Amino acid sequence: MAHKILSSIAALALFWVGPAVASNKLIAQGTSVTVAKSPLTITSDREWNKMGARPGRNSETWTIDGDGLNDVTFYGGIENDRPLFREVDRRSKPLPRFSSTMLLTDLPELFENSYSIALHTQLMKIDSVEPMTFLGQKGIRFSFTFTRMNEEVRRKGEASAAIIGGKLFMITFEAPDVFYYERDLPAYRAIIAKAIVGSGSRP
Amino acid sequence: MTACLLGALPADAKESIPILPPYTGAYQPQGVDERGVWMVADEDERMLRDSKAVINDAKLNQYLRDVVCRTVGDARCNGVRIYVVRDADFNAWMAPNGTLAVNTGLLLRVRNEAELAGVLGHEFAHFELRHSLLGYKHKRTAGDIAAWAGVGAAAAAAYGYGSVRSYQSIERSAIGSIYAFSRVQEREADLMSMAYLKSSVYDPRCFADIWDRLMDEADATARGRKQRSARYDRVAFFASHPTSLERATYLRGIAATMGKAGEDDSARFRMALAGWRPEFLTDQLKLNDFEGTDYLIGELAGAEWTADLLFSRGELYRARGNPRDLVSAISFYRDALLQDPTNANAYRGMGLAQLRSRDPAGVETLKKYLGMKPDASDRAMISTLLQ
C-alpha cells in the first residue's frame, strides 16, 4: 500500500511540469529595459542582476553583489489602496496602503511604516527629505537608516519617488552602511538620472 | 490611594498562592541540561547586550530595577540584569540565567507601577521556578514520544502493526502536552507573582486590570481590520498562555481573597516614563493599527488629554487620511497646541492635514513650523509646498 503511494508520487514528480520558477537574469551594460511590469524604463551604465523574486506585483529588484548587499528596487506604478509590497501576514500585520490623494511628504512615512511592519523593527528612521525632479515630474528624495530585528547590520538607503497619474513610481536603494552603501550609491544615482516612464519622450 | 478594580470574592476559591520559598543568591546551574540551558542563555544575553534595539538609558534601567526590587525584595532582585528592548509589542521575558528583557510596548501599555510590578514579578517567577529548564526537559520528552509515535504510525500503515489512528493520537497528545505544560507554567508564574505582590508595597488588585485592557485593545484592532475578535472563553490547542480572560478572572479572585490594599504608584510611574512616552507612541503609530491605537491612546488619556496624546492622535488620524480623519486630525493638533505651543511638529501635522484637505491655511501653518524649526530635516521639501 505504502509502496504504491510512494511510487505514484514518484511518477507524478517525474511528469510534473510546474510553473517555471523565475530565475535571476543578467542585465547587460548599456541596455534599456522596462522594469516592474510597468512603463518605467531603465538604461543601465553597468551590469546588474535582476532578481527572479519580486517584492510585489508592480515591483522588481536588481542587485550587484547579491540580495541584501546592494538592492535597487523599482516600484512601477503602485495603484490607489495597494500596499508597497507583498503582505507576509495580511491578517495580523497588514501593511499601510498607498492613496492617490497623498502629498509627496506622506511618502517617506508610508515607506517607513511599511518597512517597520514588514521587518518587525522599530529601528527604521527617515534621515532627510528633499525635493527633486524624478521621471520629469515634481518628486521627492529621502534617505533612511534601518536595522532588522536580530540581525544588527545597520543598513542605509535612499529613495526617489513621484506620483504620476495617481500612481506611485519609486526607485529605492539600500545597502549595509559598512562599505556597500558608499560604494554603490553612484550606480543607483546613475539609474535615477536615466529613468523614464514610457519608451522615448519624457511624460 | 488606588484606582484598581475591586473583584468580588470568588464563590469557590480554587487558586491559592504559594508560600515564598527560601532564596539562595548566586545560584549555579546543576547537571548537564541546566548547564546547557544557561550556556545558551549567556550567549543570547551577550547578543542582547550589544543589540541596537536595546535602549541604554541608565535612569530608566535604574527605575525598572527599583520596581523589581520593591516587588520581589532586595535579596532576590540582586542577580537580575534588565534590558529595555525597543519593540512595540506587549511583552517581557526572563531567561534562566537572570536576563530580564522588557519591551517598550509593555511600558507604553502599563498604567501604573503596581501593574508593572505584577508583570515583572511574573517574569521573575519563571526564573525562580526554573521554568525554562523544566519546559526544555518536557519538550524533549514530548518530542521523543511524538517522533516515535510517528515511526509507529508509519509502521502501522506499511505493515499493519497496530492502528495508525492510535499512534497519531499519541503523537497529537504529546504535542498538545507541550502547550498545556507551558500554560501550567504561566499560571504558576502568575500565582507566584501574586505571592510577591502580597509581601510588597503594591496593590495586588492592579495586576488583573492589564488583561482586561489587552482584550479590549485586541478587540478594537480586530474591529478596525474587519475581523472577528478572538474568543477568550476557551483555550486553543497551540496556546502557550492561558487566555487573558482566564488570567484576569483568577488574578482578581486571588486579590479579593488576599484582602490586601497597597500603593499603585501611578505618579512615580508616569514621571519615570514621561520622557520616553512620546517615542513609544511614535513606534505605536507605525503599526498601521488604527482602532487598536486609538483605543490605547484613549486609555492612556483617561479623563485627561495631555499634549503628547493629542498630538499622537492627530498623527494617527492624519495617517489614515480620509477627508473626515483630516478634519479630526486638525482639531487634535489645535488642542495639542493650546496646551503646548512649543510643539513645532504639531504645526507640521496640522499644516499637512490642511493642505491635504485643500485648505490654503495650511501654508501659513507650515510657515510657522519652519519658523520654529529652521533646521528641520524636511525643510526643503516642506518649502516646495508653500509655493
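# A guided tour of chains A and B

Among the contacts in chain B between residues at least 6 apart in sequence, 67% join residues at least 24 apart. Keep in mind from the outset that this is a predicted model, with an ipTM of 0.86 and a pTM of 0.89. Chain B averages a pLDDT of 92, and 98% of the residues score at least 70.

**Both chains in view**

Begin by colouring the two chains separately and selecting chain B, which contains 17 helices and 4 strands. Its C-alpha trace spans about 80 × 55 × 45 Å along the principal axes, and of its 387 residues 38% are buried. Then select chain A, where you will find 3 helices and 13 strands. Buried residues make up 36% of the 203 residues in chain A, and residues 24 or more positions apart account for 43% of the chain A contacts that have a separation of 6 or more.

**Where the chains meet**

Next, display the contact between the chains, to which chain A brings 26 residues and chain B brings 26 residues. On the chain A side, select α2 (106–118), β9 (124–134) and β10 (137–147), the elements that give two or more residues to the side touching chain B. If you colour this side of chain A by residue character, you should find 11 nonpolar, 8 polar and 7 charged residues.

**The two domains of chain B**

Return to chain B and give separate colours to domain 1 (31–138 + 165–258) and domain 2 (277–385). The C-alpha centres of these two domains of chain B lie 34 Å apart, and where the domains meet, 12 residues of domain 1 are in contact with 13 residues of domain 2. On the domain 1 side, select α4 (104–109) and α8 (207–224) of chain B, each of which supplies at least two of the residues that touch domain 2. Of the elements on that side, α8(B) gives the most, with 7 residues. The residues on the domain 1 side divide into 4 nonpolar, 3 polar and 5 charged.

**The largest nonpolar core**

Now show the largest nonpolar core, which has 126 residues, and mark A161(A), F169(A), V102(B) and Y333(B), the residues with the most contacts inside it. Which helix gives the most to this core? It is helix α5 (residues 113–128) of chain B, with 8 residues. With the domain colours still on, note that domain 1 (31–138 + 165–258) and domain 2 (277–385) of chain B both give residues to this core, so it lies between them.

Stay with the core but move to chain A, and centre the view on F169(A). Leaving out residues up to four places away in sequence, F169(A) touches L40(A), Y75(A), G76(A), G77(A), L135(A), A161(A), A162(A), I164(A) and V197(A). A161(A), one of these partners, is also among the residues with the most contacts inside the core.

**Along α5(B) and beyond its end**

Go back to α5(B) and display the whole helix, which is mostly covered, with 15 of its 16 residues buried. If you check the distance between its end C-alpha atoms, you should obtain 21 Å, which agrees with the 22 Å that its 16 residues should span at 1.5 Å a residue. Follow the chain just past α5(B) to R130(B), which takes a positive phi of about 55°.

The next residue to select is H131(B), which lies in helix α6 (residues 131–159) of chain B. Is H131(B) buried or exposed? It counts as buried, because it has 20 C-beta neighbours inside 10 Å. Apart from neighbours within four places in sequence, H131(B) is in contact with H126(B), Q185(B) and A189(B). Of these, A189(B) is 58 residues from H131(B) in sequence, yet the two C-alpha atoms are 8.9 Å apart in space.

**A last stop at R35(B)**

Finish by selecting R35(B) in helix α1 (residues 31–49) of chain B. With 12 C-beta neighbours inside 10 Å, R35(B) counts as exposed. Add L133(B) to the selection and draw the line between the two C-alpha atoms: R35(B) and L133(B) are 98 residues apart along the chain, and their C-alpha atoms are separated by 9.5 Å.

Conventions: Residues numbered from 1 in each chain as written. Chains lettered and ligands numbered in written order. Predicted model: local features only at pLDDT ≥ 70, side-chain atom pairs only at ≥ 80, totals over all residues. Core = buried A, V, L, I, M, F, W, Y, C linked by C-beta atoms within 7 Å. Domains from an automatic or database assignment. Contact = placed C-beta atoms within 7 Å. Nonpolar A, V, L, I, M, F, W, Y, C, P; charged D, E, K, R; others polar. Expected span 1.5 Å × (residues − 1). pLDDT = per-residue confidence, 0-100.
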